Amino acid sequence: MALGTRASRWLLHLPAGSCLLLLLLLCVQLGGGQKKKEVEPFAPLRRAPTRNLLAEKVEQLMEWSSRRSVIRMNGDKFRRFVKAPPRNYSVIVMFTALQPQRQCSVCRQANEEYQVLANSWRYSSAFSNKLFFTIVDYDEGADVFQQLNMNSAPTFMHFPPKGKPKRADTFDLQRIGFAAEQLAKWIADRTDVHIRVFRPPNYSGTIALALLVSLVGGLLYLRRNNLEFIYNKTGWAMAALSYIHGSSQAQFVAESHIILLLNAAITMGMVLLNEAATSKGDVGKRRIICLVGLGLVVFFFSFLLSIFRSKYHGYPYRQCNLKNVLSVTAVGLSPASMQVFLLKVHTDFFDVIFSPNALFCFS
């Protein structure tokens with residue numbers, strides 16, 4: 001109180017001009033402090049350039065993805081869009097060497113699977129800006145290979161949104177292979193992005209069948225006035241006898257090749273059945289493999305038995321036991337039922353092989 005009283009008395013004895021000057025200085029000081037307080041709330045605007053840079057990077061990557069599912073990158077693009085922050089998206093990079101002078105056939109095969117996977121992601125309903133597929137060719141980004149100490153191709157790596165890639169972010173190509181489905185599983189483990197692989201349809205078999213049918217139909221049309229040869233049983237019998245000998249004591253050269261092809265088809269059916277029973281893939285795909293394997297075994301094994309029966313008169317069996325086939329297809333793809341079916345078919349098959357009069361088929 002004493003200091004305040006003395007200060008007030010001292011101000012009363014000052015001239016009027018001095019008092020006005022002190023008041024002006026006090027107002028200026030208070031105004032400056034208020035101005036600083038008004039600027040502080042807008043400090044987050046300093047982060048606007050970072051946000052703009054991230055938005056520009058994402059926009060550029062989305063534009064490239066709209067043109068091509070796999071973005072080709074050189075050293076500069078790789079350092080800017082994959083390595084440099086800020087980044088809120090994952091990047092899958094395939095390091096490869098596709099130029100003809102490199103003579104990397106594995107690179108071309110892996111690139112085909114990689115393109116299938118990238119197209120499946122690009123044209124799926126779940127497509128977003130959280131995942132991008134890129135490729136770095138050695139001849140376009142040798143400095144990237146040197147920077148990562150990489151001396152082999154092809155190599156698949158995942159670059160997460162934050163932090164550096166870990167050991168699991170490098171795809172184990174030697175152990176798993178480079179199928180698009182395996183790559184999709186690895187990406188799901190690293191990014192939680194699930195991609196359903198869609199492969200383009202292959203019409204080569206359909207086109208070949210259509211050409212064959214057209215050729216046969218054209219020949220029949222040209223000989224439409226003389227089709228008696230179709231109903232000539234003697235001609236068909238002679239054609240069959242020209243390749244299959246009627247005795248168990250002899251065999252034609254062509255007959256050996258026919259028996260070889262039949263055994264190869266039966267073996268392929270067995271392999272497909274075993275694959276359908278032991279694999280852990282998609283149920284629909286396994287069912288198709290099972291049906292194809294069953295068809296090969298039933299048809300060609302029955303054909304083999306019919307040839308054997310024609311040479312060894314009195315052989316009682318004509319075809320596979322269809323009850324086993326129907327039981328397998330009825331109960332589904334349980335491993336137990338499949339193993340029982342394979343055991344029964346193997347038993348019938350070995351009865352033919354080790355029969356004393358069956359040596360002609362495999363000589």
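Visitor: Among contacts between residues at least 6 apart in sequence, what share join residues at least 24 apart?

Guide: This is a predicted model. Take the contacts in the protein between residues at least 6 apart in sequence. Those that join residues at least 24 apart make up 65%.

Visitor: How many helices and strands does the protein have?

Guide: Both kinds of element are present in the chain. The count is 14 helices and four strands.

Visitor: What percentage of the residues count as buried?

Guide: Buried means under 20% relative accessible area. The protein has 363 residues. The share that count as buried is 31%.

Visitor: How much of the accessible surface belongs to carbon and sulfur atoms?

Guide: The accessible surface of the protein comes to about 24,100 Å². The part that belongs to carbon and sulfur atoms is 61%.

Visitor: Which cysteines does a disulfide join?

Guide: A disulfide is a covalent bond between the sulfur atoms of two cysteines. The count here is one disulfide. Its S to S distance is 2.1 Å, within the 2.5 Å cut-off. The pair is Cys 104 and Cys 107.

Visitor: Is that disulfide right-handed or left-handed?

Guide: Look at the torsion about the S-S bond of Cys 104 and Cys 107. The torsion is about 70°, so the disulfide is right-handed.

Visitor: Is Cys 107 buried or exposed?

Guide: The cut-off for buried is under 20% relative accessible area. Cys 104, the disulfide partner, is buried at 15%. Cys 107 has 0% relative accessibility, so Cys 107 counts as buried.

Visitor: Where is Thr 155, and is Thr 155 buried or exposed?

Guide: Thr 155 lies in strand β4. Not counting residues up to four places away in sequence, Thr 155 touches Val 93, Met 94, Phe 95, Met 150 and Thr 170. At 13% relative accessibility, under the 20% cut-off, Thr 155 is buried.

Visitor: Which residue's backbone oxygen does the side chain of Thr 155 reach?

Guide: The side chain of Thr 155 comes to 3.3 Å from a backbone oxygen. That oxygen belongs to Ser 152.

Visitor: How many residues of strand β4 are buried?

Guide: In a regular strand the side chains alternate between the two faces of the sheet. On one side of β4, Thr 155, Met 157 and Phe 159 are buried. On the other side, Phe 156 and His 158 are buried. Strand β4 is therefore largely enclosed by the rest of the structure, and its buried residues number five of the five.

Visitor: Which residue of β4 is the bridge partner of Ile 92?

Guide: Strand β2, residues 90-96, pairs with β4 in the antiparallel sense. The pairing runs over five bridges. The partner of Ile 92 in β4 is His 158.

Note on methods:
Residues are numbered from 1 along each chain as its sequence is written. This is a predicted model: local features need pLDDT of at least 70, side-chain atom pairs count only at pLDDT 80 or more; totals for chains, interfaces and linings use all residues. Side-chain values use heavy atoms; hydrogens and water are left out. Buried means under 20% relative accessible area, exposed over 50%, partly exposed in between (1.4 Å probe, protein chains only). Helices (H or I, at least four residues) and strands (E, at least two) are DSSP runs, numbered from the N terminus. Two strands pair if DSSP finds at least two bridges between them. Contact means heavy atoms within 4.5 Å. Accessible areas come from the Shrake-Rupley method with a 1.4 Å probe; for residues, only the protein chains shown count as cover. A polar contact is a pair of N or O atoms within 3.5 Å; within protein, one must be able to donate a hydrogen and the other to accept it, and residues adjacent in sequence count only if both atoms are side-chain atoms.
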